[in-house]
Amino acid sequence: MLTTTFTGNITFQELVTKDGQGNLLESPFLGIKVAVNDINDNSLTVEIRTKNGLLKAVQDGENLVGTRVTVAGSIDLASISSHWMNDEGDLIARKKPQFRVYANLIERHARKSIPATPVQTELVA
């Protein structure tokens, strides 16, 4: 098993409440994708499923897309993918290779900033 630590931005979030057959899950989870650049500036997509505080944030209505996170965990070797198969059976190269990580730790660096003071509109003279 390969361990990894990386920092990237969340590009996709999905609250998963049903299984593949449409049945409700007893324990929902959050599926996110994190965009990462390696040491040679190559782009990767990392898939993560989690039930930590990020799940609670999404359940409370927070949009995490764009949030910078650091993740430490183990790479699922069977999930490494550089190609996908279309409906006709042709192999298509991915724009960015992807793999799944079993996260032991996810640290959110900062919440999206909200202006501290509202912008005042001009007063009519």
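**Around Arg49 and beyond**

Leaving out neighbours within four places in sequence, Arg49 is in contact with Phe29, Leu30 and Arg100. Everything described here comes from a predicted model. Arg49 sits in strand β3. The C-alpha atoms of Arg49 and Leu15 are separated by 9.7 Å, with the two positions 34 residues apart along the chain counted as their spacing. Arg49 also turns up in the lining of the largest pocket, and so do two of its contacts, Phe29 and Arg100.

Stepping back to the whole chain, the secondary structure comes to one helix and five strands. Read from the N terminus, the elements go β-β-β-α-β-β. The chain has 125 residues, and 30% of them are buried. Take the contacts between residues at least 6 apart in sequence: 64% of these join residues at least 24 apart. On the outside, the chain exposes about 9,000 Å², and carbon and sulfur atoms supply 52% of that area.

Next comes the largest pocket, which holds about 160 Å³ of space. As a general point, rolling a probe the size of a water molecule over the atoms shows where empty space is left. The pocket lining is made by Phe12, Glu14, Val16, Phe29, Gly31, Ile32, Lys33, Glu47, Ile48, Arg49 and Arg100. Three strands, β1 (2-18), β2 (24-37) and β3 (43-50), each put at least two residues into this lining. The largest share, four residues, is supplied by β2.

Charged side chains come next. Side chains of opposite charge can pair when their charged atoms come close. A search of the whole structure turns up five salt bridges. One of them is between the side chains of Arg100 and Glu47, at 3.8 Å from N to O. Arg100 lies in strand β5 (residues 91-108) and Glu47 in strand β3, so this pair ties together parts of the chain that are 53 residues apart in sequence. Arg100 and Glu47 are also both among the residues lining the largest pocket.

Arg100 has another partner: its side chain meets that of Asp76 in a salt bridge, again given as 3.8 Å from N to O. With Arg100 in strand β5 and Asp76 in strand β4, the pair ties together parts that are 24 residues apart in sequence. Asp76 counts as buried because its relative accessible area is 17%, and the cut-off for buried is under 20%. Put together with Lys33, the residues Glu47, Asp76 and Arg100 are linked in a network of salt bridges.

A further salt bridge joins the side chains of Lys56 and Asp60, at 3.1 Å from N to O. Lys56 is partly exposed, with a relative accessible area of 48%. Asp60 counts as exposed, at 55% relative accessibility.

Strand β4 is also home to Ile75. Ile75 counts as buried because its relative accessibility is 12%. Leaving aside neighbours within four places in sequence, Ile75 is in contact with Met1, Leu2, Thr4, Ile80, Phe99, Arg100 and Val101. One of these, Leu2, is 73 residues away along the chain, yet the C-alpha atoms of Ile75 and Leu2 are separated by 5.5 Å.

Thr4, another contact of Ile75, lies in strand β1. At 18% relative accessibility, Thr4 counts as buried. Residues up to four places away aside, Thr4 touches Val71, Ala72, Gly73, Ile75 and Val101. Val101 is therefore on the contact lists of both Ile75 and Thr4.Leu2 comes up again on the surface, where Leu2, Leu77 and Ile80 make a nonpolar patch of about 290 Å². Leu77 is placed in strand β4 (residues 68-85). Leu77 counts as partly exposed, at 48% relative accessibility.

Finally, there is a backbone detail at Asp41, a residue in the loop between β2 and β3. Most residues other than glycine have a negative phi. Asp41 is not a glycine, but its phi is positive, at about 65 degrees. With a relative accessible area of 58%, Asp41 is exposed.

Notes. Residues are numbered from 1 along each chain as its sequence is written. This is a predicted model: local features need pLDDT of at least 70, side-chain atom pairs count only at pLDDT 80 or more; totals for chains, interfaces and linings use all residues. Side-chain values use heavy atoms; hydrogens and water are left out. Patches are made of residues with over 30% relative accessible area and no salt bridge: like charges are joined within 9 Å, nonpolar side chains (Val, Leu, Ile, Met, Phe, Trp, Tyr) within 5 Å. Accessible areas come from the Shrake-Rupley method with a 1.4 Å probe; for residues, only the protein chains shown count as cover. A salt bridge is a side-chain nitrogen of Lys or Arg within 4 Å of a carboxyl oxygen of Asp or Glu. Buried means under 20% relative accessible area, exposed over 50%, partly exposed in between (1.4 Å probe, protein chains only). Contact means heavy atoms within 4.5 Å. On a 1 Å grid over the protein atoms alone, a cavity is a set of points where a 1.4 Å probe fits but cannot get out, and a pocket is an open set with protein on both sides within 12 Å along at least five of seven lines; lining residues have an atom within 4 Å of a point. Grid points are joined across faces, edges and corners, and a volume is the space filled by probe spheres set on the points.
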